Amino acid sequence: MVMYDVRGIQKYIFRTAKIKDAIGASAIVEHIIEEALSCAVKKLNLQDRVELEWFTKDGILDYRDADLAVQVLYIGGGNAYAICESRELCLKINRIMARYIIENTYSLQLATAIVEVTDDYTMDYADLMNEMSRVKAEMTLSKPLGALPVMAVEVKTGYPSSASPETGELKDRAGDVGTESILKLRREKSVRRNIDSQIKILDNYTTRKGVDSTLAVVHIDGNNMGLRIRNLISKKKTYVDAVNEMRRISYYINSSYQTVFKNMCTFFNEKTGARKEYQDKKTDDFVLKILVAGDDITYVCNGKIALATVEYYCSEIAKYTMTGETDEKSMREYGFSVCAGVAYIGSHFPFHVGYDVAEACCESAKDSAKLPENKNGERIGNWVDFQICKNIQARDLETMRAREYMTSYGEQLLARPYFIRVDSDAGWPIEKTDFRAFDILKRNILYFQNEENIPRSFAKNLRNVYPQGKDKADMFLAFLESRNWEMPDKTDELFLPGNETVIAKYYDALELLDYYIDLDEIRGGE
């Protein structure tokens, strides 16, 4: 049995400052293992003795013991598993696949692990995981040859330049673009032929250029997937039982996350496009797919709908399970939940920095989701964190927040991350009235957005006075109360008391005043 893992995919996709490179890179790696394996099969003339498909659009294909040269078990989680009739054949296939990946990506590497097949799948799988861990630990992470002193260098990668940026064609005389970049650009053009290459892609997703150029990079990741998968297959000993179970799990993970993402794009493109503030947009697109790979999702969207897209995704993905069954027990034990990170950026802000911030926010959300007091037994809920990127220093999220979001008196301005409650969350320890609940954040944003509750200028002044500390904030609140303006909860407390840190009640909501449209408002009369 052999396992394949392409190393460095995330960096390959997101290390670029240009969105076109990221789109092209994502398209390249989306099916790179399947393509490489098919190439090897053709070169070795094995077409009549292989079984490479493990599912169709209608569902999984049943695994069977067969006398084949190559048989794919399943592909999921960025890895592929197959059985070859001999170690010698496996090594031949691996060499061809490794070369294919280098030629078509320029800088990615293929890690492979091989173990002998026995009658016990559980033992073989454990041995395979151990072998892959050993291979990765000992594998040299080689990079393409760097530019020599006599070569032109592509600035963004540091690799030798080899192509004309105008024509995108590789040529003998070095130009200004490296081979890796040109491979990404070629693939990007093939997946986005309907877009004028001269148009700035991200500008198409803003509200109105010159008026509001805010975008959001959103990164979503599934919760607790590995543990529950292991629980499902732990009692499956034979290859037929275990492989069919893994095929079923992988299929439901991929199909569920992709279905919800496609539905989300359709929903927001239709509903948001009907709003009057977007009538002057050049396109009807509001969500731009970057990567959808299993439970790992990244997209760019119009900034004002970012949190609404996350709320929509959480509520819809919660309707699916990794077993495909929707009875109460299955929903409780194997239902999906996610954590999300949102980075608000300008349309010309470096994309890779935005992604790094979104990923860091997602990790922050996961850290909160895994705290014992935030879990429902062993279940992990849906959480979201967000950050407005004012400069590239936001890339170091933890350090930047400690420096810029703490007052000189030690008060914490940020209450985020937030728990997003969905319909199946009965009995969760975080109630709708908890300050960590997304419902409270929404209530506060909508309250401050309504000028009948408080003038917008006063709301922004409150946001600006918060960093000056509790005493100054309380003084400003007294000024507001003297003019009969109230806070959302009708109290005169601007901070939440804490054992160690005092936390601002409303700073998160005030920071999002210009960055939020409520999901219920987008739904309208639905």
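The paragraphs below go through aromatic pairs, salt bridges, a charged surface patch and some backbone features of this predicted model.

The aromatic side chains come first. A pair of aromatic rings is described by the distance of the centres and the angle of the planes. Across the whole structure, a search finds 25 aromatic pairs. One of them is formed by Tyr257 and Phe336, with 5.1 Å from centre to centre and 70° between the planes, an edge-to-face arrangement. This pair links distant parts of the chain, 79 residues apart: Tyr257 belongs to helix H8 (residues 239-273), and Phe336 sits in the loop between helix H10 (328-334) and strand E13 (338-346). Tyr257 counts as buried because its relative accessibility is 0%. Phe336 has a relative accessible area of 3%, so Phe336 is buried.

Helix H8 also supplies a ring to a second pair, made by Phe267 and Tyr312. The centres of the Phe267 and Tyr312 rings are 4.9 Å apart and the planes meet at 20°; because planes under 30 degrees apart count as stacked, this pair is stacked. Phe267 and Tyr312 are 45 residues apart, and the partner from outside H8, Tyr312, lies in helix H9 (residues 306-317), so that distant parts of the chain are linked here. Phe267 and Tyr312 are both buried. Elsewhere, ring pairs join five tyrosines into a cluster, namely Tyr74, Tyr81, Tyr121, Tyr125 and Tyr239.

The charged side chains come next. The whole structure holds 27 salt bridges according to the search. Glu51 and Arg64 form one of them, and their closest N and O atoms are 2.9 Å apart. Glu51 is in strand E2, while Arg64 is in the loop between strand E4 (59-60) and strand E5 (70-76); the bridge therefore ties together parts 13 residues apart in sequence. How exposed or buried are Glu51 and Arg64? Glu51 has a relative accessible area of 16%, and because buried means under 20%, Glu51 is buried. Arg64, with a relative accessible area of 43%, is partly exposed.

A salt bridge between Arg395 and Asp356 has its closest N and O atoms 2.5 Å apart. Arg395 is placed in the loop between E14 and H12, and Asp356 in helix H11 (residues 351-369), so this bridge ties together parts that are 39 residues apart in sequence. Arg395 is partly exposed, with 41% relative accessible area. Asp356 also counts as partly exposed, at 21% relative accessibility.

In another salt bridge, the side chains of Arg456 and Asp514 meet at 2.9 Å, N to O. Helix H14 (residues 456-465) contains Arg456, and the loop between helix H16 (507-511) and helix H17 (519-523) contains Asp514; the pair therefore ties together parts that are 58 residues apart in sequence. Arg456 is partly exposed at a relative accessible area of 23%, and Asp514 is partly exposed at 33%. Glu131, Arg134 and Glu138 are joined into one network by salt bridges that share partners.

The surface has a negative patch formed by Glu363, Asp367, Asp396 and Glu398. Within this patch, Asp396 is located in the loop between strand E14 (382-388) and helix H12 (397-404). The loop between E14 and H12 is also the place of Arg395. Why does Asp396 count as partly exposed? Its relative accessibility is 43%, and partly exposed is the class in between under 20% and over 50%.

Some backbone features remain. The peptide bond joining Arg416 and Pro417 is cis, with omega about 10°. Pro417 is in the loop between H12 and strand E15 (418-420).

Two asparagines have a positive phi. For Asn45, phi is near 55°, a positive value in a residue other than glycine. Asn45 lies in the loop between helix H3 (32-43) and strand E2 (50-51). Because its relative accessibility is 64%, Asn45 counts as exposed. For Asn224, phi is likewise near 55°. The loop between strand E10 (214-222) and helix H7 (225-233) holds Asn224. With 26% relative accessibility, Asn224 counts as partly exposed.

Note on methods. Residues are numbered from 1 along each chain as its sequence is written. This is a predicted model: local features need pLDDT of at least 70, side-chain atom pairs count only at pLDDT 80 or more; totals for chains, interfaces and linings use all residues. Side-chain values use heavy atoms; hydrogens and water are left out. Patches are made of residues with over 30% relative accessible area and no salt bridge: like charges are joined within 9 Å, nonpolar side chains (Val, Leu, Ile, Met, Phe, Trp, Tyr) within 5 Å. Accessible areas come from the Shrake-Rupley method with a 1.4 Å probe; for residues, only the protein chains shown count as cover. A salt bridge is a side-chain nitrogen of Lys or Arg within 4 Å of a carboxyl oxygen of Asp or Glu. Lys and Arg count as positive and Asp and Glu as negative; His and the chain ends are not counted. The place of a charge is taken as NZ of Lys, CZ of Arg, CG of Asp or CD of Glu. Helices (H or I, at least four residues) and strands (E, at least two) are DSSP runs, numbered from the N terminus. Buried means under 20% relative accessible area, exposed over 50%, partly exposed in between (1.4 Å probe, protein chains only). Rings of Phe, Tyr and Trp (its six-membered ring) pair if their centres lie within 6.5 Å; planes under 30 degrees apart count as stacked, over 60 as edge-to-face and the rest as tilted.
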